[in-house]
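Biologist: I would like to learn how to read a structure feature by feature, with the general idea given before the particular case. Could we go through one together?

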Amino acid sequence: KVLFIKGGHTSETIKQVLQDLALLKRPLNVTLKEKNPILPFDDTSFIERMCRKYDTSMFVVGSHSKKRPNNLVIGRLFGGEVMEMYEFCVENFKSVSAFKTDKVTIGAKPLVILSGLDTNDDELHVRSILADFCRGPIVKNINRAGIQHAIHISGKTSIDASQKIHFSVNRLTFSGGPKTSDIVPTVDSAAEMGPSFVLQSRRSR
């Protein structure tokens, strides 16, 4: 499960990012309703206490300030302590509400597509934590009729050497319908359903 935390100050963009990501994770999500003036890179005690309380192994903290606008911190725990976390700036955000595509069933397991983020150890760690966030519990078998959406995460280094990660979600339909017996299903269409945004790396720990 993932714990979603609003920082002491949040922009409308960050509020909507947190809401859309929590919606994407349902029912494996817990959202704290009140704002919490925490600085994850200075003190993780509140995060660890709340994650133990709600039995979550990952967390997302959204905040906004003049120095760090539209800030998002994604982290994971091991043994009840923060193991690693990554801070990003959210850019080019488009909310779920901006797309008219049919939404997916709550709890539907996504198809996660990762491209890039494999040129050095830092990128591999970011790739790993984003994959953990998206995929949910590991299962042995999946009913193809339950595959309704794909999360595409692609990373590349821009001209100024900063790392940018593109995140998008698409609603999938398969040719032949969900009851077809094809061993390898064919995607008939993929329509963007949101959320969609770009993450620019800031720092990690």
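Biologist: What volume does the largest pocket have?

Modeller: Please keep in mind throughout that this is a predicted model. The general idea for pockets is that rolling a probe the size of a water molecule over the atoms shows where empty space is left. In this case, the largest pocket has a volume of about 410 Å³.

Biologist: Which residues lie nearest the centre of the largest pocket, and how many residues line it?

Modeller: The lining of the largest pocket consists of 27 residues, and those nearest its centre are Leu24, Arg26, Gly107, Ala108 and His149. At least two lining residues come from each of α1, α3 and β7 (149-157), and α1 gives the most, with four residues. Sorted by class, this lining has 16 nonpolar, five polar and six charged residues.

Biologist: Where is Gly107 placed, and which residues is Gly107 in contact with beyond its neighbours in sequence?

Modeller: Gly107 sits in the loop between β5 (81-94) and β6 (111-115), and because its relative accessibility is 47%, it counts as partly exposed. Once neighbours within four places in sequence are left aside, Gly107 is in contact with Arg26 and Pro27. Gly107 and Arg26 are 81 residues apart along the chain, yet their C-alpha atoms are separated by 5.9 Å.

Biologist: Which form, cis or trans, does the peptide bond from Arg26 to Pro27 take?

Modeller: As background, most residues other than glycine have a negative phi, and most peptide bonds are trans. The bond from Arg26 to Pro27 is cis, with omega near 5°, and Pro27 lies in the loop between α1 (12-25) and β2. The peptide bond from Gly194 to Pro195 is also cis, with omega near 0°, and Pro195 belongs to the loop between β9 (187-192) and β10 (196-204).

Biologist: You mentioned the sign of phi as well, so what is the phi of Asp55, and what is the phi of Leu117?

Modeller: Asp55 is not a glycine, yet has a positive phi of about 55°, and for Leu117, likewise a residue other than glycine, phi is near 55°. Asp55 comes just after α2, in the loop between α2 (45-54) and β3 (58-63), whereas Leu117 is found in the loop between β6 and α3 (121-135). Their surroundings can be read from accessibility: Asp55 counts as exposed because its relative accessibility is 62%, while Leu117, with a relative accessible area of 2%, is buried.

Biologist: Which residues of α2 are buried, and what covers them?

Modeller: In α2, the buried residues are Phe46, Ile47, Glu48, Met50 and Cys51. Their cover includes β1 (2-7), β2, β3, β4 (71-78) and β5.

Biologist: Since Cys51 is on that list, how many disulfides are there?

Modeller: In general, a disulfide is a covalent bond between the sulfur atoms of two cysteines, and here the count comes to zero. The closest cysteine sulfur to that of Cys51 belongs to Cys134 and is 17 Å away, which is too far for a bond. Both residues are nevertheless buried, Cys51 with a relative accessible area of 2% and Cys134 at 5% relative accessibility.

Biologist: Is Glu84 buried or exposed, and which side chains does its own side chain meet in polar contacts?

Modeller: Glu84, found in strand β5, counts as buried because its relative accessibility is 10%, under the cut-off of 20%. The Glu84 side chain makes a polar contact of 2.5 Å with the side chain of Arg76, and another of 2.9 Å joins the side chains of Glu84 and Tyr86. Among the residues in contact with Glu84, leaving aside neighbours within four places in sequence, are His125, Ile129 and Arg205.

Biologist: To finish with another pocket, what volume does the second largest pocket have, and which residues are closest to its centre?

Modeller: The second largest pocket has a volume of about 330 Å³. Of its 19 lining residues, Ile38, Leu39, Ser63, Ser65 and Asn71 are the closest to its centre. β3 and β4 each supply at least two residues of this lining, which divides into seven nonpolar, seven polar and five charged residues.

Key: Residues numbered from 1 in each chain as written. Predicted model: local features only at pLDDT ≥ 70, side-chain atom pairs only at ≥ 80, totals over all residues. Heavy atoms only, no water. Buried < 20%, exposed > 50% of the residue type's maximum accessible area, 1.4 Å probe, protein only. Contact = heavy atoms within 4.5 Å. Polar contact = N/O pair within 3.5 Å; in protein donor to acceptor, adjacent residues only side chain to side chain. Disulfide = S-S within 2.5 Å. 1 Å grid on protein atoms, 1.4 Å probe; cavity = no way out; pocket = protein on both sides within 12 Å on 5 of 7 lines; lining within 4 Å. Points joined across faces, edges and corners; volume = space filled by probe spheres on them. Nonpolar A, V, L, I, M, F, W, Y, C, P; charged D, E, K, R; others polar.
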